[in-house]
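Please open the model in a viewer and keep the selection tool at hand. The stops below are arranged so that each selection leads to the next.

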Amino acid sequence: MIKGLFRLLLPSVLFIPCASHAFNYKKAEAFQALEAVTSVAAFESDIEKYTQECLDNTGGGSGGIPCFIASTLWDRELNSYYKKLMANLPESQKAILQESQIIWIKERDKTIAFNTALLDEKYKSREMGTMSELMRAGDLDNTITPIIKSRVLYLKYWADWVAKTKSEK
């Protein structure tokens with residue numbers, strides 16, 4: 001991350017014009033789904049490569065905020081694996097999963113609110129220039145993504161197992 005931030009700061013120090021307007025930001029739909037790649041590590045590597053390329057080509061500041069897409073992509077996977085698991089569960093277990101997911105979402109939302117309060121505190125003493133906004137966005141993505149990822153991997157484990165068990169019958 002420090003290496004990446006150094007690359008972000010270097011152009012502004014050297015007064016090299018930035019071409020942030022020319023960078024083609026990707027939407028979540030443009031990324032492969034987790035099930036389409038060989039591993040979780042490959043999925044994360046694709047995200048990291050894009051994020052770094054995006055940051056390198058947007059010149060820092062608020063133009064780089066859309067580069068932090070990891071939590072959005074993991075949220076997309078969360079919805080996908082929840083639906084897959086729900087589709088393959090017997091009726092008696094669907095209500096349990098639904099209740100579990102509702103509780104998890106409430107806990108996630110409370111964690112995000114707490115995290116946001118801490119980030120507000122962390123960045124309140126700084127003059128909120130565009131670089132501070134970018135750093136805050138990076139901190140937000142780095143702290144929320146693991147929470148969502150953990151739930152995705154949990155749902156994926158059971159979705160894969162249930163689907164395999166169903167196909168063996």
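Select cysteine 54 and cysteine 67 and display their side chains. In this predicted model, the torsion about their S-S bond is about -70°, so the disulfide is left-handed. The two sulfur atoms lie 1.9 Å apart. A disulfide is a covalent bond between the sulfur atoms of two cysteines. The structure holds 1 disulfide. Cysteine 54 belongs to helix α2, whereas cysteine 67 is in the loop between α2 and α3, so the bond ties together parts that are 13 residues apart in sequence. Are these cysteines buried or exposed? Cysteine 54 is buried, because its relative accessibility is 0% and buried means under 20%. Cysteine 67 also has a relative accessible area of 0% and is buried.

Keep cysteine 54 on display and add phenylalanine 23. This phenylalanine is placed in the loop between α1 and α2. Which residues does phenylalanine 23 touch, leaving aside neighbours within four places in sequence? The contacts of phenylalanine 23 are Tyr50, Glu53, Cys54, Asn57 and Thr58. With a relative accessible area of 13%, phenylalanine 23 is buried. For a distance check, select the C-alpha atoms of phenylalanine 23 and aspartate 56: they are separated by 9.8 Å, although the residues are 33 apart along the chain.

Next, extend the selection to the aromatic cluster. Ring pairs link Phe23, Tyr25, Phe31 and Tyr50. The whole structure contains 6 aromatic pairs. In one of them, the ring centres of phenylalanine 31 and tyrosine 50 are 5.1 Å apart and the planes stand at 85°, so this pair is edge-to-face. The pair links distant parts of the chain, since phenylalanine 31 sits in the loop between α1 (2-14) and α2 (40-58) and tyrosine 50 in helix α2, 19 residues apart. Phenylalanine 31 is buried at 9% relative accessibility, and tyrosine 50 is buried at 4%.

For another edge-to-face pair, move to tyrosine 157 and tryptophan 158, with 4.9 Å centre to centre and 85° between the planes. Here tyrosine 157 counts as exposed, at 52% relative accessibility, and tryptophan 158 as partly exposed, at 33%.

Return to phenylalanine 31 and show lysine 26. The charged end of lysine 26 sits over the ring of phenylalanine 31, 4.8 Å from the ring centre. A second arrangement of this kind appears on selecting lysine 84 and tyrosine 81: lysine 84 lies over the face of tyrosine 81, at 4.7 Å from the ring centre.

Tyrosine 81 leads to helix α3, so select residues 70-88. This helix has 19 residues and reaches 27 Å from its first C-alpha to its last, close to the 27 Å expected at 1.5 Å a residue. Which residues of α3 are buried? They are Ala70, Ser71, Leu73, Trp74, Glu77, Leu78, Tyr81, Tyr82, Leu85 and Met86. Display α2, α4 and α5 (130-168) as well, as the buried residues of α3 pack against these helices.

Now select glutamine 101, which is found in helix α4 (residues 91-124). Not counting residues up to four places away in sequence, glutamine 101 touches Leu78, Tyr82, Arg151 and Leu155. Of these, Leu78 and Tyr82 are among the buried residues of α3. Glutamine 101 itself is buried, with a relative accessible area of 6%.

Finally, clear the selection and view the whole chain. How many helices and strands does the protein chain have? There are 5 helices and 0 strands, and the order from the N terminus on is α-α-α-α-α. Of the 169 residues, 31% count as buried. Among contacts between residues at least 6 apart in sequence, 75% join residues at least 24 apart. With the surface switched on, the accessible area comes to about 10,600 Å², of which 59% belongs to carbon and sulfur atoms.

Technical notes
Residues are numbered from 1 along each chain as its sequence is written. This is a predicted model: local features need pLDDT of at least 70, side-chain atom pairs count only at pLDDT 80 or more; totals for chains, interfaces and linings use all residues. Side-chain values use heavy atoms; hydrogens and water are left out. Helices (H or I, at least four residues) and strands (E, at least two) are DSSP runs, numbered from the N terminus. Buried means under 20% relative accessible area, exposed over 50%, partly exposed in between (1.4 Å probe, protein chains only). Contact means heavy atoms within 4.5 Å. Rings of Phe, Tyr and Trp (its six-membered ring) pair if their centres lie within 6.5 Å; planes under 30 degrees apart count as stacked, over 60 as edge-to-face and the rest as tilted. A charge sits over a ring if NZ of Lys or CZ of Arg is within 6 Å of the ring centre and within 35 degrees of the ring normal. The expected span of a helix is 1.5 Å times one less than its number of residues. A disulfide is a pair of cysteine sulfur atoms within 2.5 Å. Accessible areas come from the Shrake-Rupley method with a 1.4 Å probe; for residues, only the protein chains shown count as cover.
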